[in-house]
Amino acid sequence: MIDGQVFEQIGEVKRGGLVCVSDHASSYVPGDLPLGIPDDLLETHIGVDIGVAGVASRMARRHGIPAHMALISRLVIDLHREEDHPKVVPTTSDGHLIPGNIGADVEARLTRYYRPYHDALTKWLDEAEPELIISLHSFTPKLETSDEERPWEVGLLYNEDDRAARHAIRLFGELGLTVGDNEPYSGKELNATMNRHAEAHGRPYCAIEVRQDLISNRADQARWATMIADVCGRVALALD
């Protein structure tokens, strides 16, 4: 975390362009909030969306798509849940108990982390008036608590507004990728940030989930940054 900030904004915002939002880009846990779990767990999918910080920052610096990225672990506060969601401060994640979150002062964490993040995102998007929002996440190839196959390389999530997602599903598919349509999670159930900042304002968005083993190193992050920038640029043109 930088000077107590819960978010970082990279790149210059240009009105009417593309922007990227990443709610789970960091594994950072403040020293005064011990979670009671081994440090190495923070670097797994339960603590951070592996690879997205590298992809998002590359998109901002090389492809002109500015990014708003979280600087706090999803285990401290899940910025991609509603304030009143029972898992906004998770006590378990993929079979792991998070002892430091049991009996946590949820209101204090909302005040300290959640609301500043979303208030800043509101202001940033209002100033940007974006043509398309890219909500960037990643997913683990295999959950510890499930034997379910996760064959998708990339997924597009949406709730009520699937305008951009439909184009993106087609375009990623044309690149030879196995594309999930509201997989591995359904945007009907898990779409909090885009429900609030996109659908509520009529803003088109692509909520993208990339499989983590495909963006685990810098070379692959650069490749996916280029691919996502290209696909989403074409999505924006298709929506005009």
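The following legends describe an overall view and several close-up views of a predicted model.

**Figure 1. Overall view of the chain.** The predicted chain is built from six helices and nine strands. Its radius of gyration is 17 Å, close to the 18 Å that the globule rule gives for 240 residues, so the chain is as compact as a globular protein of that length. The C-alpha trace spans about 50 × 40 × 35 Å along its principal axes. Of the 240 residues, 54% count as buried. The surface that the chain exposes amounts to about 10600 Å², and carbon and sulfur atoms supply 48% of this area. The chain carries 24 positive and 39 negative charges, and the mean positions of these two sets are 4 Å apart. Among contacts between residues at least 6 apart in sequence, 81% join residues at least 24 apart.

**Figure 2. Strand β2 and its covered faces.** Strand β2 comprises residues 18–22 and is mostly covered, with five of its five residues buried. In a regular strand, side chains alternate between the two faces of the sheet. On one side of β2 lie Leu18, Cys20 and Ser22, and on the other lie Val19 and Val21; both faces are covered.

**Figure 3. The strands that pair with β2.** Which strands are joined to β2 by bridges? One is β6 (residues 132–139), which runs parallel to β2 and is joined to it by four bridges. Within this pairing, Cys20 has Ile134 of β6 as its bridge partner. Another is β3 (residues 67–70), also parallel to β2 and joined to it by three bridges. Here the bridge partner of Ser22 is Met69.

**Figure 4. Strand β3 and its pairing with β1.** Are the faces of β3 covered or uncovered? Both are covered: Ala67 and Met69 are buried on one side, while His68 and Ala70 are buried on the other. Strand β1 (residues 7–10) runs antiparallel to β3, and four bridges join the two. In this pairing, Phe7 has Ala70 of β3 as its bridge partner. Strand β3 is thus joined by bridges to β1 and to β2.

**Figure 5. The loop between β8 and α5.** This view shows two features of the backbone. Most residues other than glycine have a negative phi, and most peptide bonds are trans. Asn182, which is found in the loop between β8 and α5, has a positive phi of about 60 degrees although it is not a glycine. The relative accessibility of Asn182 is 11%, under the 20% limit, and therefore this residue counts as buried. Pro184 is placed in the loop between β8 (179–181) and α5 (192–197). A cis peptide bond joins Glu183 and Pro184, with omega at about 5 degrees.

**Figure 6. Asp94 in the loop between β4 and β5.** Asp94 is found between β4 (92–93) and β5 (96–97). What is the sign of phi in Asp94? The angle is near 45 degrees, a positive value in a residue other than glycine. Asp94 has a relative accessibility of 13% and therefore counts as buried, since the limit for a buried residue is under 20%.

**Figure 7. Asp49 and its contacts.** The place of Asp49 is in the loop between α1 (39–42) and α2 (52–63). Asp49 is buried, with a relative accessible area of 3%. Which residues are in contact with Asp49, leaving aside its neighbours within four places in sequence? They are His24, Arg74, His137, Ser138 and Gln212. Among these contacts, His137 and Ser138 lie within the range of residues 132–139 that forms β6.

**Figure 8. Ala207 in strand β9.** Ala207 is found in β9, which covers residues 205–211. Its relative accessible area is 8%, and Ala207 is buried. When residues up to four places away in sequence are not counted, Ala207 touches Ser135, Gly155, Leu156, Leu157 and Asn191. Arg62 provides a reference point for distance: Ala207 and Arg62 are 145 residues apart in sequence and 21 Å apart in space, C-alpha to C-alpha.

Definitions and conventions
Residues are numbered from 1 along each chain as its sequence is written. This is a predicted model: local features need pLDDT of at least 70, side-chain atom pairs count only at pLDDT 80 or more; totals for chains, interfaces and linings use all residues. Side-chain values use heavy atoms; hydrogens and water are left out. The radius of gyration is taken over C-alpha atoms; the globule rule is 2.2 Å times the number of residues to the power 0.38. Buried means under 20% relative accessible area, exposed over 50%, partly exposed in between (1.4 Å probe, protein chains only). Contact means heavy atoms within 4.5 Å. Accessible areas come from the Shrake-Rupley method with a 1.4 Å probe; for residues, only the protein chains shown count as cover. Lys and Arg count as positive and Asp and Glu as negative; His and the chain ends are not counted. The place of a charge is taken as NZ of Lys, CZ of Arg, CG of Asp or CD of Glu. Two strands pair if DSSP finds at least two bridges between them.
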